[in-house]
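Reader: Hi! Could you walk me through this one?
Author: Happy to, here it comes.

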Amino acid sequence: MNNPKRYLITSALPYANGPKHIGHLAGAYLPADIYTRYLRAQKRDVVFVCGSDEHGAAITIQAMKENTTPKAIVDKYHALLESNMKDLGISFDIYHRTSSPIHHETAQEFFTKLNNNGDLIIKESEQYFDDTANTFLADRYIIGTCPICSSEGAYGDQCEKCGTSLSPEQLINPKSTLSGNPPSKKKTTHWYLPLDKHEEFLREWILENHKSDWKTNVLGQCKSWIDAGLQPRAVTRDLEWGVTIPSDVPGGAGKVLYVWFDAPIGYISATKQWALDNNKDWKPYWEDKDTKLVHFIGKDNIVFHCIIFPVMLKLHGNILPDNVPSNEFMNLEGDKMSTSRGWSIEMDDYINDFVKKENGGGMMVDALRYYLTAIAPETKDSEFTWKGFQDALNSELVSIFGNFVNRTFVLMHKLCNGKVPPLHQEIIDEADRKLLEDISNAKQVVEANIENYKYRDALFEVIDLARKGNKFMQDKEPWIVAKQIGEDGKPTVSAQKQIDNCLHLCLQLTANLSILINPFLPSTAEKLCYMMKVVNKMLDWENAGKSNLLSVGYSLRAPELLFRKMEDEEVSIQMEKLKAKSKKIMEANQPAANVSNEAVKVEKPIIQFDDFSKIDLKTGTIISAEKVEKADKLLKLEVDLGTEIRTIVSGIALHFNPENIIGQKVVVVTNLAPRKMKGIESNGMILMAENSDGKLEFISSHVNNGSSVS
RNA sequence: CGCGGGAUGGAGCAGUGGUAGCUCGUCGGGCUCAUAACCCGAAGGUCAUAGGUUCGAGUCCUAUUCCCGCUACCA
């Protein structure tokens with residue numbers, strides 16, 4: 001969309017169950033902030049909204065962990081997140097929260113409208129229920145034995161050992177993680193959003209209309225989901241913490257909106273609150289076709305912002321996002337960032353260790369903003385390293401950008417009495433014209449890159465302009481020219497003219513740099529304005545590319561260093577800290593992990609003899625074994641049962657080599673219902689025992705094949 | 001399994017049919033106004049692997065390998 005009347009920019013709502021790390025910052029907040037600051041400098045009508053996502057089961061779980069209430073949890077982390085974002089220069093127009101009354105009203109209205117229009121369907125289903133905790137269980141809070149690979153501790157939605165997606169009903173011997181008891185089943189009614197009805201719309205809107213302007217990773221993911229077949233998705237949950245179903249809706253008692261449904265509506269309620277606070281009308285931002293809506297998110301959020309929320313918006317009569325520039329993930333020192341493993345740099349830690357230090361402040365905010373933008377995972381995962389941070393800060397910000405500004409100011413004070421020198425038209429040469437051209441080109445390149453969501457490239461262009469400034473000054477060598485002294489002991493008239501022109505251009509370049517760097521490094525831009533004694537209005541984007549930003553004869557302040565170097569010692573301190581934090585958290589989690597494992601391993605319920613006698617066990621011998629193509633854990637076995645030879649597929653490839661188990665005597669469940677695995681029908685199951693190391697061993701007998709076991 | 005993204009000199013990345021580039025790092029030289037910095041120059045890549053299409057492929061096609069991710073409130 002070109003030249004929209006107004007922009008609405010959103011960043012993914014951070015989940016208020018704990019502190020957030022610099023990966024979140026790099027993925028969703030910083031790019032959005034850069035884009036917004038750029039648009040503001042363009043004097044566009046733009047609103048940048050965000051807020052804490054405060055609902056969902058994980059909040060209540062976190063409350064139990066911290067032995068407090070969900071409200072206390074969200075209050076605590078909302079305040080922390082809001083202050084962290086502010087400290088790092090993320091310039092939201094509003095940082096809202098989904099626990100606010102206006103959000104509840106908005107989400108309820110949204111639900112009611114869709115429900116009244118017949119856009120939702122109602123289904124009754126049986127779900128697992130924990131009688132002790134008196135609550136329905138989210139998929140994630142049920143664990144049991146994986147039906148595919150037989151490993152313990154598989155979750156209700158997925159087995160992490162073999163990666164299979166599961167539904168809770170498939171788990172063998174399910175347990176509630178809340179009480180450790182086996183859950184019961186209860187009927188419950190829920191509203192669903194029938195995504196499958198909107199497949200055609202999504203195909204056309206995403207895969208046709210946006211096939212050339214959306215990022216390839218986003219398009220690829222969307223296509224993958226659409227092709228896989230969209231399913232109706234539950235909109236409601238049986239929980240207490242969340243947006244309640246409006247009381248006039250029959251059957252809604254005791255239910256809340258599923259957090260995925262209410263969270264994105266938070267963008268709308270935040271806009272409403274912003275409008276109230278600023279005496280504006282919120283509606284055009286969500287209803288007028290001339291509004292450009294852009295969602296900044298990380299790749300885990302693509303499905304919500306490209307598939308689900310757009311369907312909701314369409315049904316509700318709102319505008320659709322113009323783009324969803326999702327980033328990939330940022331790793332940290334060779335490993336994935338993970339809050340639960342303590343392998344992360346929390347925003348709050350960075351702020352305390354660098355920003356709120358004597359030699360920190362805005363320059364260290366900008367240092368982080370610089371590095372995160374320079375290594376932003378725009379097209380693939382990238383990696384944050386402290387050494388890389390140090391290198392980028394020391395060699396690019398300090399040496400190239402900071403040094404250019406500093407030497408310009410120092411020379412101007414030394415050779416031009418601290419005033420902006422005149423530009424002598426008669427001696428302008430090719431290099432001067434080239435520099436002016438570079439400035440104008442840089443503006444256009446930065447512009448194009450920002451508008452195409454390529455912040456890494458845009459920022460590089462700004463630094464490159466400073467690099468060109470350094471080269472220009474080196475070629476002109478005003479400090480050498482100044483040695484051409486006349487009889488009065490001052491530089492000759494012709495020498496002074498050369499000096500004037502060089503520094504005049506370097507100063508105008510500095511002014512341009514402050515405009516171009518402003519969206520990325522706002523503190524730095526502000527400091528430059530202070531040094532140049534100009535008001536912030538000079539930073540308006542329309543001024544970029546001009547060569548008369550500083551008036552001749554205007555006296556400027558003495559230079560201040562824009563950035564400081566990062567010492568080796570600081571790098572090692574941070575590395576130590578990271579390792580220590582990770583170790584501490586892993587140790588703290590260890591006992592908890594054991595407890596949950598033991599909960600899973602409790603005895604199965606007592607069965608009657610009749611139940612046992614239904615199982616037909618026979619002895620046999622493995623006569624052939626081969627790996628199943630393209631499956632890590634499966635072996636295809638031929639087992640001689642005396643009277644017949646059975647094909648059995650068994651998930652034991654990680655434990656045994658096929659050639660080593662030929663001839664192995666085994667006990668087989670022969671009347672298990674056949675089951676296809678990777679296209680091969682398996683007729684039975686081999687009994688195995690797991691030793692204390694988690695290795696599997698065969699259970700065998702030396703009697704003849706085909707003997708019954710009882 | 002399947003699907004999506006990725007694989008280019010030590011590191012990070014550009015390059016989507018026509019002589020393989022950039023930044024950092026390394027090495028050498030120059031200069032000195034500047035936060036021991038800045039400028040210039042050099043070394044360093046069989047563009048993951050194997051085939052194919054083409055006058056010509058990092059770029060298109062096929063197969064393979066490896067990394068990341070995949071309807072989890074981890075960006």
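**Around tyrosine 350**

Reader: Which residues is tyrosine 350 in contact with, leaving aside its neighbours within four places in sequence?
Author: In chain A, tyrosine 350 is in contact (heavy atoms within 4.5 Å) with Leu88, Ile345, Val355, Met364, Ala367, Leu368, Trp386 and Phe389. This is a predicted model, where local features need pLDDT of at least 70, side-chain atom pairs count only at pLDDT 80 or more, and totals for chains, interfaces and linings use all residues. Residues are numbered from 1 along each chain as its sequence is written, chains are lettered from A and ligands numbered from 1 in the order written, and side-chain values use heavy atoms, without hydrogens and water.

Reader: And which residues touch the most other members of the largest nonpolar core?
Author: Tyr350, Phe384 and Phe401 do, in a core of 167 residues. Such a core is a set of buried Ala, Val, Leu, Ile, Met, Phe, Trp, Tyr and Cys residues joined through side-chain atoms within 4.5 Å; buried means under 20% relative accessible area with a 1.4 Å probe, protein chains only. A second, separate core has 11 residues, including Val639 and Phe698.

Reader: Switching topic: at what angle do H11 and H12 pack?
Author: About 105°, with the axes of H11 (residues 362-374) and H12 (residues 386-415) 10 Å apart. H11 and H12 are therefore roughly perpendicular, a label for angles of 65 to 115 degrees.

Reader: Which residues make the contact?
Author: Among them are Met364 and Tyr371 of H11, and Phe389 and Leu397 of H12.

Reader: How much of chain A is buried?
Author: Buried residues make up 51% of its 710 residues.

Conventions:
Buried < 20%, exposed > 50% of the residue type's maximum accessible area, 1.4 Å probe, protein only. Axes fitted to C-alpha atoms, helices over the stretch in contact; angles between N-to-C directions. Helix = DSSP H or I, 4+ residues; strand = E, 2+ residues; numbered from the N terminus. Parallel < 35°, antiparallel > 145°, perpendicular 65-115°, else oblique.
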